[in-house]
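I set out to record which helices pack together in this structure and how the chains meet. The entries below follow the order in which I looked things up.

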Amino acid sequence: MSSLRFDQVCFSYGNAPCVVQFSCNLAKGELVGLIGANGSGKSTLLRLGAGLLTPTMGQVELDSKPVRLWKGEERATRLGYLPQSIEAPLPFRVGELVEMGRAAARKDHLLSCREVLAAVGLEGHEQTPLSQISGGERRRAFIAMILAQGGKTLLLDEPLAGLDLRYQYELLTLLRSLCQAHNLTILLSLHDLILARNLDRLLVIRQGQLLADGLPTEILTQRLVQQTFDLEPGFQVANVL
Amino acid sequence: MLGCLGVVLLLSLSLGQQTINLLDPDPLQLKIVLDLRLPRIVVALLMGGSLGVAGAILQGVFRNPLADPYVLGTSSGAALAAAFGLLATQGTEIWLVPLLALTGALVTSAVVVSLGRDAWGVRAERLLLAGVGIGFFLSAILMLVMSLAQADGVKRALLWMAGDLAGADWSVVPMAGLLMVVGFVLALARRRGLNALALGDEVAFGLGLEPGRERTLLVLAASLLTAASVALGGIVGFVGLMVPHAVRALVGADARRVLPLSAIGGGMLLCLADTVGRSVLPPVEIPAGVVTALIGAPWFLIMLRRATGGGLR
């Protein structure tokens with residue numbers, strides 16, 4: 001039973017094709033990574049998955065229904081989406097973010113406010129302003145917000161960007177445990193090929209097309225990495241794997 | 001906070017060119033309190049409250065801590081439209097003023113927002129620059145209209161537009177109060193949208209909202225409130241800028257708390273500013289707008305310094 005399905009999805013900004021004939025099925029409980037060079041269409045794919053963009057051809061289905069047909073609260077209770085840039089120009093507090101997530105879904109809350117904060121390791125921080133915590137904690141506070149929505153499918157655009165190695169590992173461990181504990185489907189884009197090895201499954205894209213789809217240990221080869229990032233043939237991929 | 005408000009109200013009733021013992025007024029003093037000071041206080045409360053809420057809305061919607069009706073030029077647009085109305089009717093149709101102010105505020109908001117956006121959406125800096133530019137332009141036209149106005153009554157009415165509450169009476173209170181209530185209720189009803197837009201359109205969409213629709217409704221609410229404030233007492237700057245920040249520092253940024261407390265705080269600040277203005281240098285009355293600007297401008301600079309990281313970069 002798939003939770004998110006891309007079926008022959010094409011998308012272009014104006015005349016420039018950005019996603020070409022992209023198909024894949026994300027199953028429940030899967031922690032999936034999206035790998036590709038800058039401008040390869042990762043963010044666009046996640047936006048298509050979230051329903052922010054409509055495919056020019058093909059279809060994105062969330063829980064067996066086109067994602068664009070889920071409206072407002074219905075969509076918010078099924079799907080959480082976190083863009084790459086998370087800026088809060090006003091002094092929101094951690095607890096207020098979680099409340100926003102809970103307010104998006106008025107019924108059937110998966111987790112209480114306290115449980116959500118405990119899940120991301122921010123217990124006791126309800127009253128802390130976002131400006132007074134580290135970048136890693138801020139990222140986790142936003143993840144707490146979309147967890148509070150109670151959706152079973154999460155799309156995260158480069159959630160590890162800007163975090164140091166320890167926070168990257170912590171956040172990935174957290175996502176893994178959430179996947180297992182609540183049978184969530186998580187699709188995240190990332191750049192770190194070493195961290196990518198810890199995921200259940202990788203989707204590798206180049207210029208909007210799916211290059212490879214499978215277990216990280218099986219598909220991350222010297223040839224694939226060279227091809228994905230247009231590297232010189234002499235580049236020693238072993239150093240980044 | 002309500003206690004503070006009570007103290008401000010009592011101070012404002014008793015202080016002025018003449019200090020009045022509220023417990024034992026003579027008939028003349030009673031007349032001063034009821035006919036002059038009471039309407040003035042009500043006008044200051046409604047006007048300051050409208051400005052506080054409008055500022056809280058605009059700062060969230062445009063994700064810019066320096067936004068308010070004055071900085072974004074909507075106050076000037078509202079005042080200009082109202083001034084033309086006063087001129088055209090020779091100051092006879094006072095009830096029209098709030099509606100004209102609303103038209104002016106809406107048109108100015110639309111122009112400033114369209115100038116402040118590019119292909120990717122509304123840009124914080126661009127919006128601010130557009131607002132300041134449009135605001136200066138409209139203010140200049142307003143001054144031109146004022147200096148050209150001949151009839152004495154119209155001239156007085158137009159001077160009142162510049163943020164002096166000395167002539168406040170009950171005439172525009174019903175209509176302006178109505179605009180304020182509608183604007184406030186609309187903003188409170190869209191509080192989820194206001195919170196979410198402050199985090200950006202994509203986050204708002206992820207929370208199940210339609211960013212464009214929420215923004216339109218909230219800008220409409222801010223325009224209603226701006227129009228109410230301008231119709232009540234002309235252009236007063238900085239109340240909409242300062243009050244929401246002070247409130248957020250106390251209770252966090254959730255609109256559910258920020259909107260009502262900004263209304264109370266804004267009313268209180270303007271009432272206090274007006275009381276100070278008419279008490280410190282009798283018989284001279286300093287317009288409330290001047291007092292708020294004297295406090296507000298330094299505050300603005302401190303905010304600017306904080307917004308850029310507190311040092312030279």
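These entries cover helix packing, the nonpolar core, the contact between chains and a single residue.

**Entry 1. Model.** I note at the outset that the model is predicted.

**Entry 2. H7(B) and H10(B).** I began with helix H7 of chain B, residues 173-189, and helix H10 of chain B, residues 211-233. Their axes come within 8 Å and cross at roughly 155 degrees. Because angles over 145 degrees count as roughly antiparallel, I entered H7(B) as roughly antiparallel to H10(B). The crossing of H7(B) with H10(B) is left-handed. I then listed the residues that meet. On the H7(B) side they include Ala176(B), Leu179(B), Met180(B) and Phe184(B). On the H10(B) side they include Leu217(B), Ala221(B), Leu224(B) and Ala228(B). By class, the residues of this contact are 17 nonpolar, one polar and no charged.

**Entry 3. H3(B) and H10(B).** H10(B) also packs with helix H3 of chain B, residues 74-88, at an angle of about 55 degrees and with the axes 9 Å apart. That angle makes H3(B) oblique to H10(B). I recorded the crossing of H3(B) and H10(B) as right-handed. Thr74(B), Ser75(B), Ala78(B), Ala79(B) and Ala82(B) in H3(B) meet a set in H10(B) made up of Ser223(B), Thr226(B), Ala227(B), Val230(B) and Ala231(B). The contact of H3(B) with H10(B) holds six nonpolar residues, four polar and no charged.

**Entry 4. Nonpolar core.** Which residues touch the most other members of the largest nonpolar core? The core has 163 residues, and the answer is Ala144(A), Ile57(B), Ala82(B), Ala101(B), Ala227(B), Ala228(B) and Ala231(B). The element giving the most to this core is helix H2 of chain B, residues 27-61, with 13 residues. I checked the list against the earlier entries: Ala227(B) and Ala231(B) in H10(B) belong to the contact with H3(B), and Ala227(B), Ala228(B) and Ala231(B) belong to the contact with H7(B).

**Entry 5. Chain A against chain B.** I counted 23 residues of chain A in contact with 21 residues of chain B. On the chain A side, helix H2 (72-78), strand S6 (79-82) and helix H3 (94-104) each supply at least two residues. H3(A) has the largest share of that side, five residues. The chain A side divides into 15 nonpolar, two polar and six charged residues.

**Entry 6. H3(A) and H5(A).** I next followed H3(A) within its own chain. H3(A) packs with helix H5 of chain A, residues 135-149, at about 25 degrees, with the axes 6 Å apart. H3(A) is therefore roughly parallel to H5(A), and their crossing is right-handed. Among the residues of H3(A) in this contact are Val94(A), Leu97(A), Val98(A) and Arg102(A). The partners in H5(A) include Phe142(A), Ala144(A), Met145(A) and Gln149(A). Ala144(A) also appears in the core list of Entry 4. The residues of the contact divide into twelve nonpolar, two polar and one charged.

**Entry 7. Phe136(B).** Is Phe136(B) buried or exposed? Phe136(B) lies in helix H5 of chain B, residues 124-148. I entered Phe136(B) as exposed, because it has 12 C-beta neighbours inside 10 Å and a residue with 12 or fewer counts as exposed. I also looked up its separation from Leu72(B): the two are 64 residues apart in sequence, and their C-alpha atoms are 10.0 Å apart in space.

Conventions:
Residues numbered from 1 in each chain as written. Chains lettered and ligands numbered in written order. Predicted model: local features only at pLDDT ≥ 70, side-chain atom pairs only at ≥ 80, totals over all residues. Axes fitted to C-alpha atoms, helices over the stretch in contact; angles between N-to-C directions. Helix = DSSP H or I, 4+ residues; strand = E, 2+ residues; numbered from the N terminus. Parallel < 35°, antiparallel > 145°, perpendicular 65-115°, else oblique. Left-handed = near helix turned anticlockwise from the far one by under 90°. Contact = placed C-beta atoms within 7 Å. Nonpolar A, V, L, I, M, F, W, Y, C, P; charged D, E, K, R; others polar. Core = buried A, V, L, I, M, F, W, Y, C linked by C-beta atoms within 7 Å. Buried ≥ 20, exposed ≤ 12 C-beta atoms within 10 Å, placed from the backbone.
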